[in-house]
Amino acid sequence: MDREWLSVEIRSGAVDKQRVDAVVVPMLAGRVLTESGERLRAEGHPAREVIRSFLRRMDITGEFGEIAVLYQVPGTFADRLVFVGAGDARKLSLTRLRELSARVARWLDASGAREAAVYLAELDVRGATIEARLRAIAEGAWLGLYRFDRYKSEPKRPHRPLRSLYAMAPSRRFIRRTEPELRLAEAACKGVWWARDLANEPANVCTPSWLAARAEELASSRTQVEVWDKARLEKENMAGILAVARGSHEEPRMIIIRHQADERAPTVALVGKGLTFDSGGVCVKPAKGMDEMKFDMCGAAAVLGIVRAVQEADLPVNLIGVIGATENMMGGGAYKPGDIIKTAAGVSVEVVNTDAEGRIVLADALHYAAQQHPDAIVDLATLTGACVVALGDQASGLMGNDQALVRALRRAGEATDDRAWPLPMYDEYQEKIKSDIADIKNIGDGGAGPITAACFLSRFVGRHRWAHLDIAGTAWTTRDKPLARKGATGAGVRLIVEYLARLR
Ligand code: BES
Ligand code: MN
Ligand code: ZN
């Protein structure tokens, strides 16, 4: 991480009593104030005249994201009083609150404020508890402040970055009540930061062996990390990942993580696509945008981020992480269209397009995961461009063989705003991957791209409960967003951490 972690605490206390560099007070559309603002405007308050004359001016109207600052307001102890526009009261949601908090945190970070008290939880988000609002405020700040600038000789960093944020609650009792949720959110956001860090690294740094070395850093008394090199993969008949790796000078790695938290707890296998670069292979991709294929390991990065979050939050769940890490290149030894591969599961695959490589790597990884007999398998993969066409950057594609699992993941996605939307997996779709010459082929015959890819994966999970997240559209962003600057987003991490936390 290129920035120190932000400390977030829940506190309570009056807006005019905070000795901090900045106090942040919301203003709704139409210049409507909430409790803290009203308190400063109240009859007899030393700040009254300053606030009134400020409100008479039109510096801000309360539109979402607007910011105006007053310095050293009489009757207050903070250096700055920051009004932030929260927009239309009826449009308030946890999503908007998270985004607002992210904007505020970035603004504070650049302003030179080290410590700030924010009163955004006063915003009345219907249907959301105060605890949920406080958590959303914290998440927004953490996610919004992430930065990846380690390759800049002169990174544009604030000289006095924001260090502490106090999310202000209406009373002291919320401090303890919010604690468990806040710690879970903090662990998840740290997982997101790490996943982003790993994925933002260029492919000349983030190679399969480099990724394996990062995974090994997770090892602890309760977490074992095993790395299989090429020789071991050959011994284990993992012909899928080996075929994809053959066109590259970089050796592939299968990364296996075992996290034991509690014997009686369920075991979830997490499988990640770790293509550290996907050129398309012999069926090479167009040059435009090919640089983005360094992100083809975002599924793997998410798995690592999730394991780290589970460790940090001390969640009572056992994990098996399986990552297939390789490049997809077009060297002289590369696999070719028409090749037939006998995967570790014994299923023969006709390679029609070498660019549909993720599913071939995942075939072996999923097979390994299934052999461990977990209670559920969830894979994360930047699997299809067609998923980007279908859902854009607003939701990951969600498919699986168990509706209860799919529903649970979808709910966790809605709760965290790390959303996933279901696509159907009717049996008829399976026909599309029938091969004339082998058991299955690695692409369909047009249409339903994300689904035929999932159909392919479904052949390698045995009878286990399984779900698949196609994060092709969500794993990275090509424009700055409130919760993620341009680059990797960490999609899937908060969703899965929430899902795992709800298993209890
Ligand atoms: N990694 C890509 C999928 C991808 C493309 C993710 C664009 C994000 C943005 C995957 O390996 C791939 O190339 N899939 C092909 C499959 C096709 C050949 C059936 C695709 O989507 O074009
Ligand atoms: Mn590809
Ligand atoms: Zn790929």
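**Close-up views of a predicted model**

**View 1. His373, an exposed loop residue with a positive phi.** In this predicted model, His373 is exposed, its relative accessible area being 60%, which places His373 above the 50% cut-off for that class. The residue belongs to the loop that joins helix H10 (358-371) to strand E14 (376-381). Although His373 is not a glycine, its phi is positive, at about 50°.

**View 2. Asn237, in the loop between helices H7 and H8.** Asn237 lies in the loop that runs between helix H7 (230-235) and helix H8 (239-245), and, while it is not a glycine, Asn237 has a positive phi of about 60°. With a relative accessibility of 51%, Asn237 counts as exposed.

**View 3. The surroundings of ligand 1 in the largest pocket.** Ligand 1 takes up the space of the largest pocket, where 16 residues surround it, the closest being Lys285, Asp296, Asp355, Glu357 and Gly385. Sorted by class, this shell around ligand 1 comprises 7 charged, 5 nonpolar and 4 polar residues.

**View 4. Polar contacts of ligand 1 with Asp296, Lys273 and Leu383.** A nitrogen atom of ligand 1 lies 2.8 Å from a polar atom in the side chain of Asp296, and an oxygen atom of ligand 1 is 3.2 Å from an N or O atom in the side chain of Lys273. On the backbone side, a polar atom of Leu383 is 3.5 Å from a nitrogen atom of ligand 1. Of the 510 Å² that ligand 1 exposes when taken alone, the protein buries 77%.

How values were computed:
Residues numbered from 1 in each chain as written. Chains lettered and ligands numbered in written order. Predicted model: local features only at pLDDT ≥ 70, side-chain atom pairs only at ≥ 80, totals over all residues. Heavy atoms only, no water. Near = heavy atom within 4 Å. Polar contact = N/O pair within 3.5 Å; in protein donor to acceptor, adjacent residues only side chain to side chain. Areas by Shrake-Rupley, 256 points an atom, 1.4 Å probe, with all protein chains shown as cover. 1 Å grid on protein atoms, 1.4 Å probe; cavity = no way out; pocket = protein on both sides within 12 Å on 5 of 7 lines; lining within 4 Å. Sits in = over half its atoms within 2 Å of the grid points. Nonpolar A, V, L, I, M, F, W, Y, C, P; charged D, E, K, R; others polar. Helix = DSSP H or I, 4+ residues; strand = E, 2+ residues; numbered from the N terminus. Buried < 20%, exposed > 50% of the residue type's maximum accessible area, 1.4 Å probe, protein only.
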